[in-house]
Amino acid sequence: MSSDPQGGLIKRTWRRLRSPSARFSVLTLLIVGVVIGFVGTAGTQVMVAVTGTDKFCGTSCHSMQWVAKEHLASSHSANRTGVRAGCHDCHIPHEYPQLLWYKAKAGTKDIIGEMRGVMDTEEKFKAKRKEMAEHVWAEYKGNDSRACRHCHQFSKEVIAKQKEMVQPIHTMVLQGQGTCIDCHQGIAHTPPS
Ligand code: HEC
Ligand code: HEC
Ligand code: HEC
């Protein structure tokens, strides 16, 4: 038999958590729950928005400044029509909950890399560049260039408006042969040499 009939602190707390509340009505508890849920959801959305801008992704870390500069000069940033593709459009999934999971994983890896100074000089960046690009290519290959297709939705009508020489090629893509990244590498950054 234990000398403390109430059990340890953890046991007591657990018992209290499990027993029905005598002090608060179900309605109060429900409202508190809804408020916490709302604040949590809104807070997550704010974090996703704040950490999802090109300014945040391109300038917060030393390691990203070189790709960010190239992106600004590419046709996905500076073009005739002003429709832009930002870092997030090409590098983060659009669907929930994958978006949160991916951001948490990639963000943690990037922060640790930044703190360790893995790519704090252009030389170090250049040395790692090929490996990183290969990682992105493999990802695109694995998901059938999902990010590209989010904006570029091919159909017979769309292809008919494209340059004549590319129409037979893209018709094959429409029929399921090949994926965007097979042929279009280096569309936002200088491809690694
Ligand atoms: C956020 C939307 C968006 C995403 C995502 C996107 N694009 Fe684009 N892309 C555009 C727009 C808009 C243009 C047209 C720019 C212009 O006005 O010239 C364009 C132009 C292009 C062009 C022709 C311009 C050139 O540089 O010759 C190619 C090729 C292209 N995209 C390929 C891709 C590929 C491959 C991907 C995926 C890695 C991708 N795009 C992702 C919006 C997007
Ligand atoms: C088998 C190779 C191949 C694949 C796969 C491919 N393309 Fe292309 N694409 C080309 C070539 C070649 C051109 C013409 C190159 C140029 O204009 O500089 C082109 C041109 C383009 C253009 C410009 C069209 C125009 O009329 O100006 C866009 C946009 C584009 N591709 C997007 C995509 C997207 C998005 C995908 C995936 C859904 C894709 N391509 C898949 C080979 C390919
Ligand atoms: C239109 C789509 C697109 C946009 C916009 C884009 N990227 Fe990329 N990014 C790619 C692709 C595709 C690769 C794979 C290498 C290649 O083909 O250039 C890549 C590669 C990278 C790499 C690996 C190193 C390298 O040079 O290959 C980093 C880091 C990167 N991007 C960061 C960013 C950041 C930061 C932004 C915003 C400032 C951004 N990207 C915007 C499509 C994009």
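# A tour of three iron sites and one ring pair

Select Phe125 to begin: this residue is buried, with a relative accessible area of 3% (buried is under 20%, exposed over 50%, partly exposed in between, using a 1.4 Å probe and protein chains only). The model is predicted, so local features need pLDDT of at least 70 and side-chain atom pairs pLDDT 80 or more, while totals for chains, interfaces and linings use all residues. Residues are numbered from 1 along each chain as its sequence is written, chains are lettered from A and ligands numbered from 1 in the order written, and side-chain values use heavy atoms, without hydrogens or water.

## Stop 1: the ring pair

Keep Phe125 on screen and look for aromatic pairs; the structure holds 1 (ring centres within 6.5 Å, with the six-membered ring used for Trp; planes under 30 degrees apart are stacked, over 60 edge-to-face, the rest tilted). Add Trp66, which forms this stacked pair with Phe125, at 5.3 Å centre to centre and 20° between the planes. Trp66 lies in helix 4 and Phe125 in helix 7, so the pair ties together parts that are 59 residues apart in sequence (helices are DSSP runs of H or I with at least four residues, strands runs of E with at least two, numbered from the N terminus). Trp66 is also buried, with a relative accessible area of 12%.

## Stop 2: ligand 1

Now select the iron atom of ligand 1. Its protein donors are His76 and His152, each through NE2, at 2.0 Å (donors are N, O and S atoms within 2.8 Å of the metal, or 3.2 Å for Na, K and Ca; water is not among the atoms, so sites may look incomplete). Trace the chain from one histidine to the other: His76 is in the loop between helix 4 (65-73) and helix 5 (87-91), His152 is in the loop between helix 8 (146-151) and helix 9 (156-160), and the two are 76 residues apart.

Why is the arrangement around this iron atom octahedral? The 6 donor atoms subtend angles of 88 to 179°, which makes it so (six donors are octahedral, and four square planar, if opposite donors are over 155 degrees apart and all others between 65 and 115; four are tetrahedral if all angles lie between 85 and 135; anything else is irregular).

Colour the two histidines by accessibility. His76 is partly exposed at 22%, and His152 is partly exposed at 47%.

Next, show the residues around ligand 1 (those with a heavy atom within 4 Å). There are 17, and Ser75, His76, Cys148, Cys151 and His152 come nearest. The largest share of this shell, 3 residues, comes from helix 8. Look also at Thr81, which has a polar side-chain atom 2.8 Å from an oxygen atom of ligand 1 (polar contacts are N or O pairs within 3.5 Å; within protein, one must be able to donate a hydrogen and the other to accept it, and residues adjacent in sequence count only if both are side-chain atoms).

## Stop 3: ligand 2

Move to the iron atom of ligand 2 and select His170 and His184. These are its protein donors, both through NE2, at 2.0 Å. His170 sits in helix 10 (residues 167-174) and His184 in the segment after helix 11 (180-183), 14 residues apart. The site has 6 donor atoms, and their angles of 88 to 180° make the arrangement octahedral.

Which of the two words, buried or partly exposed, fits each histidine here? His170 counts as buried at 11% relative accessibility, whereas His184 is partly exposed at 40%.

## Stop 4: ligand 3

Finish at ligand 3. His91 and His189 coordinate its iron atom through NE2 at 2.0 Å. His91 lies in helix 5 and His189 in the segment after helix 11, so this pair ties together parts that are 98 residues apart in sequence. The 6 donor atoms form angles of 87 to 178°, and the site is octahedral. His91 is partly exposed at 30%, and His189 is partly exposed at 26%.

Show the shell of ligand 3: 22 residues surround it, and the closest are Cys87, Cys90, His91, Arg129 and His189. Three contacts can be picked out:

- Trp137: a polar side-chain atom lies 2.8 Å from an oxygen atom of ligand 3.
- Gly186: a backbone N or O atom lies 2.7 Å from an oxygen atom of ligand 3.
- His91: a polar side-chain atom lies 2.8 Å from a nitrogen atom of ligand 3.

Helix 4, helix 5 and helix 7 (122-142) are the elements that give two or more residues to this shell. Helix 7 gives the largest share, 5 residues. Helix 7 is also where the tour began, with Phe125.
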